[in-house]
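Trainee: Got a minute to walk through a model with me? I'd like to talk about its strands and one bit of its surface.

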Amino acid sequence: MFGSFNGAAERFGSRADLTGAFFNSFGSRPRAVKTLPEQLADKLVEQIIRGQHVPGQRLHEMRLAEHFEVSRGPVREALRLLEREGLVVMLPHRGASVAKLTEKRLKDVFSVRSALMAICAEEVAGLRSKSIQAILDEGTKKLFEASDRGDVDEYIVVAYQLSMYLPEASENDIARAILFSLGRQTLSLTRRVYESRKHRQEWSNNWRDIVEAIRVGKPAAAANAVHNLISGIKAAALDEFEREEKQATPRNRDQRHRTSERRDVR
């Protein structure tokens, strides 16, 4: 059922599944074979992004083990991996549940993402690499194409891949690991704000500004364009978060909790 992702001729865009698309790597460095718990963790992240597990929902080890056709041990380890990433909460005597985002956490996540991506963009702009530029041009082109088609899922995938390519191109492994984790924490929410064509067009233009600043070797301009991009996404995500919180009256929250219990993986 599980296997390592082998990549494809297309560097940007979705492939066999959402997990493989988000975890794309562009470099020539060998990819380590993932353990079973790591593969299970990736599958759970994909389900969280798609809304199959909602914030606060219990994640029952036995049901997950039956669903994935594995023993409980790898499932437990997968949940521990996601707990370290901030995607899952593990409580004594209550087990695991999907972590709930808070307004403060959202602000903190986007602030850190903005700072780290800006550093990486500055470093890439200083390289003046034709091969890196070609990849950035390809990604930006696909971003606009997905937006124009109204293909939200594809747009999200390409935008995430571009975001992850900046630290990879700058060879900043620390930034890449942190950005990888932070991006996954907010995707279930930001997926909804990407449905706005206006937002997609604005953020595509931001990406074009980033890529053009890198092309002409202007680190400060590249960093500023990154800040503009993340600032816009942050504002939209916080608006969406506030809207959902207002809709979640006590009665609605109780209903949502009961619904999430029924939607636990069988």
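Here is a short back-and-forth about this model.

Mentor: Sure, and keep in mind that this is a predicted model. Ask away.

Trainee: Which residue in strand 3 is the bridge partner of Val89?

Mentor: Start with the pairing: strand 2 (residues 88-91) runs antiparallel to strand 3 (residues 95-98), with 4 bridges joining them. Val89 sits on the uncovered face of strand 2 along with Leu91, while Val88 and Met90 make up the covered one. Over in strand 3, the partner of Val89 is Ser97.

Trainee: And which residue in strand 3 does Arg58 have as its bridge partner?

Mentor: Arg58 takes us to strand 1 (residues 58-59), which is antiparallel to strand 3 and joined to it by 2 bridges. In strand 3, Arg58 is bridged to Ser97.

Trainee: Which residue in the hairpin turn has a positive phi?

Mentor: The hairpin is formed by strand 2 and strand 3, with 3 residues between them. In that turn, a phi of about 65° belongs to His93.

Trainee: Now the surface: is Ile178 buried, partly exposed or exposed?

Mentor: Ile178 lies in helix 8 (residues 173-193) and joins Val112 and Ile174 in a nonpolar surface patch, with about 260 Å² of accessible area together. Buried would need under 20% relative accessible area and exposed over 50%. Ile178 has 36% relative accessibility, so it counts as partly exposed.

Note on methods
Residues numbered from 1 in each chain as written. Predicted model: local features only at pLDDT ≥ 70, side-chain atom pairs only at ≥ 80, totals over all residues. Heavy atoms only, no water. Buried < 20%, exposed > 50% of the residue type's maximum accessible area, 1.4 Å probe, protein only. Pairing = 2+ DSSP bridges. Patch = residues over 30% accessible without salt bridge, like charges linked within 9 Å, V, L, I, M, F, W, Y side chains within 5 Å. Areas by Shrake-Rupley, 256 points an atom, 1.4 Å probe, with all protein chains shown as cover. Salt bridge = Lys/Arg side-chain N within 4 Å of Asp/Glu carboxyl O.
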